[in-house]
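Colleague: I should like a close look at a single part of this model, taken strand by strand and then through its charged pairs. Please state the cut-offs behind each term as you proceed.

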Amino acid sequence: MFDLTFNVDDKGVATPLTLEIKQAVIAGWTGRDPVARDKHIAELEALGIARPATTPIYYRCSARRLTFADTIEVCGEDSSGEVEFVLIGWQGRIFVGCGSDHTDRKVESYSVTVSKQMCDKPMAAELWELEDVIDHWDQLILRSWAVIGGQRVLYQEGTLDHMLPVKDLIARGFDKGALPDGCAMFGGTFAAKGGIRPASRFEFELEDPVLKRKISHGYDVVTLPVRG
């Protein structure tokens with residue numbers, strides 16, 4: 001476990017709040033449409049990626065992988081980011097943030113669990129209270145851009161009505177249907193426009209079109225050589 005100090009936005013006023021992060025969970029296969037979900041699972045199986053044991057599924061990785069850094073280092077050319085909303089439980093409250101489940105795709109082909117541990121998970125330092133957005137949750141927008149070959153391209157975009165409702169997502173993954181104190185859970189993502197591919201920089205945001213605000217962050221990806 002370790003501490004991260006966020007800024008909690010309340011009507012445009014940012015209040016610093018230090019949270020003890022005890023565990024990190026990466027939720028996968030969180031889409032609401034079971035037909036589309038099963039079709040994508042079959043597509044990945046054809047590429048050699050194993051079918052998930054459950055849907056949704058809750059992978060674990062080291063809490064220390066969470067970072068506010070604007071640069072991460074990865075091994076080889078086979079990693080990429082994914083924008084996701086992040087829920088953090090703390091003393092009976094739930095906060096909403098935004099992060100990137102940066103993943104090694106080569107490792108993912110033989111073990112999704114191990115692939116989640118391979119890369120840092122950059123997050124924005126800003127949080128919202130879930131209770132401030134739950135009544136219009138489905139209207140929130142996740143969006144990401146990737147810098148590929150020197151060009152910044154829209155990489156992912158979608159509204160949260162395509163994902164399981166927050167209460168369902170928490171109830172299926174945690175005892176008593178409650179997000180534990182200090183648990184940071186990434187909530188799943190959308191398909192990449194043009195397919196999954198590496199980038200030299202990844203930028204992402206969570207937009208609230210009702211309260212007219214955004215959480216955003218970006219990071220450079222430094223590729224380390226693989227020498228054997």
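In β17, which residue is the bridge partner of C75?

Modeller: The bridge partner of C75 in β17 is L224. The model is a predicted one, in which local features require pLDDT of at least 70 and side-chain atom pairs count only at pLDDT 80 or more, while totals for chains, interfaces and linings use all residues. Residues are numbered from 1 along each chain as its sequence is written, and side-chain values use heavy atoms, with hydrogens and water left out.

The pair C75 and L224 belongs to the contact between β6 and β17 (residues 213–224), two strands that run parallel and are joined by five bridges. Strands here are DSSP runs of E with at least two residues, helices are runs of H or I with at least four, and both are numbered from the N terminus. Two strands count as paired if DSSP finds at least two bridges between them.

Together with three further strands, β6 and β17 make up an open, mixed sheet of five strands, ordered β6-β17-β16-β13-β14. Its edges are β6 (71–75) and β14 (151–159), each of which pairs on one side only. From one strand to the next, the twist averages 25°, with axes fitted as lines to C-alpha atoms (for helices over the stretch in contact) and angles running from 0 to 180 degrees between N-to-C directions.

Charged pairs also involve the strands of this sheet. Side chains of opposite charge can pair when their charged atoms come close. The criterion for a salt bridge is a side-chain nitrogen of Lys or Arg within 4 Å of a carboxyl oxygen of Asp or Glu, and 17 such bridges are found in the whole structure.

Within the sheet, R143 and E207 form a salt bridge whose closest N and O atoms are 2.9 Å apart. This pair links distant parts of the chain, with R143 in β13 (residues 141–148) and E207 in β16 (residues 201–208), 64 residues apart. R143 counts as buried because its relative accessibility is 11%, and E207 counts as buried because its value is 18%. Salt bridges with shared partners extend this pair into one network of R143, E157, E205, E207 and K214. The burial classes are buried under 20% relative accessible area, exposed over 50% and partly exposed in between, computed with a 1.4 Å probe on protein chains only.

A further salt bridge starts from β17: R213 pairs with D9, the closest N and O atoms lying 2.7 Å apart. Here R213 in strand β17 is linked to D9 in strand β1 (residues 2–10), a distant part of the chain 204 residues away. R213 is buried because its relative accessible area is 12%, and D9 is buried because its value is 9%.

The strand that carries D9 leads to the other sheet. An open sheet of eight strands has the order β2-β1-β12-β9-β8-β15-β3-β4, with mixed pairing. Its edge strands, β2 (13–21) and β4, each pair on one side only, and the twist averages 35° from one strand to the next. Within this sheet, β1 runs parallel to β12 (residues 126–129) and is joined to it by two bridges; one residue of β1, N7, has E126 as its bridge partner in β12.
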